[in-house]
Amino acid sequence: MTQAVQFDPDDPQGLARAMSALGMQSSILVGGFQYWDSRRKGRQFPARGDLDPLIDIPRLVPHIILIDVRHDPLDFRFRLIGSAVRRNLARDYVGHWFSEFPNYSASSNIWPRHCAVAESGRPMLQRPTYVGPNKDFIYVENILLPLSVDNPGWSMQMMFLEFISKRH
């Protein structure tokens, strides 16, 4: 079962309250949010061009996913998947649209959360049950963050993930 909550990034305690509500403690998510937040520069969210994760946050890059958002018709495409994430997925999704896979399509429980972030421009914390090849994992903690791009009808989303094992 997936737990998810959006929060106000301008509320100084918003992230901490949301993480507490979901029982999260991931330093990866906190670091990812702090990076995203530091690049907003007074805006609702940063532009993709404001970010250079390889230079700015190399320790977090293995835990990142970048997603293209096409608004008409709405769909989401995996652009980049960090090595720590890719290792724990059932397949390589880079270059593929969510609509190509039943577990990501509009009828899934994943699609509406990406829609909510695309529509509201507010970050979302999620704690879905892990489904994949590693039998030691029980769930995934992740934060989904909106980004703008200089292409009308498009935007992006950046996600940081941590896989939580039974021994955690």
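**Close-up views of a predicted model**

**View 1. Glu141 and the company it keeps.** Skipping the neighbours within four places in sequence, Glu141 is in contact with Gly23, Met24, Gln25, Ser26, Leu29, Gln126, Arg127, Phe160, Leu161, Glu162 and Ile164. Keep in mind throughout that this is a predicted model. Glu141 itself sits in strand 5, which covers residues 137–147. Is this residue, Glu141, buried or exposed? With a relative accessibility of 3%, Glu141 counts as buried, because the cut-off for buried is under 20%. One of the contacts is worth zooming in on: a polar atom of the Glu141 side chain lies 3.5 Å from the backbone nitrogen of Ser26.

**View 2. The largest pocket.** Rolling a probe the size of a water molecule over the atoms shows where empty space is left. Here the largest pocket comes out at a volume of about 540 Å³. It is lined by 27 residues, and those closest to its centre are Tyr104, Ile110, Pro128, Thr129 and Val131. What kinds of residue make up the lining, by class? There are 18 nonpolar residues, eight polar ones and one charged one. Several elements chip in with at least two lining residues each: strand 2 (64–71), strand 3 (74–81), helix 5 (111–120), strand 5 and strand 6 (154–165). Of these, strand 6 gives the most, with three residues.

**View 3. Helix 5 and what it packs against.** Take a look at the buried residues of helix 5: they are Trp111, Arg113, His114, Cys115 and Val117. Which strands do the buried residues of helix 5 pack against? The list runs to strand 1 (3–6), strand 2, strand 3, strand 4 (124–127), strand 5 and strand 6. Just past the end of helix 5 comes Gly121, whose phi is positive at about 70 degrees.

**View 4. Aromatic rings meeting each other.** The model holds 14 aromatic pairs. In one of them, the ring centres of Phe76 and Trp111 are 5.1 Å apart and the planes stand at 85 degrees, so this pair is edge-to-face. The two partners come from distant parts of the chain, with Phe76 in strand 3 and Trp111 in helix 5, 35 residues apart. Phe76 is buried, with a relative accessible area of 0%, and Trp111 counts as buried too, at 10% relative accessibility. Another pair joins Phe98 and Tyr104: their ring centres are 5.2 Å apart and their planes at 50 degrees, so this one is tilted. Both Phe98 and Tyr104 are buried. Zoom out a little and you find one aromatic cluster formed by Phe76, Phe78, Tyr93, Phe98, Phe101, Tyr104 and Trp111.

**View 5. A cis peptide bond at Pro73.** Between strand 2 and strand 3 there is a loop, and Pro73 lies in it. The peptide bond leading from Asp72 to Pro73 is cis, with omega near -5 degrees.

**View 6. Lys41, out on a loop.** Lys41 is found in the loop between helix 2 (27–38) and helix 3 (53–56). What is the phi of Lys41? Its value is near 50 degrees, which is positive, and this in a residue other than glycine. Lys41 counts as exposed at 63% relative accessibility, because exposed means over 50%.

Note on methods. Residues are numbered from 1 along each chain as its sequence is written. This is a predicted model: local features need pLDDT of at least 70, side-chain atom pairs count only at pLDDT 80 or more; totals for chains, interfaces and linings use all residues. Side-chain values use heavy atoms; hydrogens and water are left out. Helices (H or I, at least four residues) and strands (E, at least two) are DSSP runs, numbered from the N terminus. Buried means under 20% relative accessible area, exposed over 50%, partly exposed in between (1.4 Å probe, protein chains only). A polar contact is a pair of N or O atoms within 3.5 Å; within protein, one must be able to donate a hydrogen and the other to accept it, and residues adjacent in sequence count only if both atoms are side-chain atoms. Contact means heavy atoms within 4.5 Å. On a 1 Å grid over the protein atoms alone, a cavity is a set of points where a 1.4 Å probe fits but cannot get out, and a pocket is an open set with protein on both sides within 12 Å along at least five of seven lines; lining residues have an atom within 4 Å of a point. Grid points are joined across faces, edges and corners, and a volume is the space filled by probe spheres set on the points. Ala, Val, Leu, Ile, Met, Phe, Trp, Tyr, Cys and Pro count as nonpolar, Asp, Glu, Lys and Arg as charged, and the others, Gly among them, as polar. Rings of Phe, Tyr and Trp (its six-membered ring) pair if their centres lie within 6.5 Å; planes under 30 degrees apart count as stacked, over 60 as edge-to-face and the rest as tilted.
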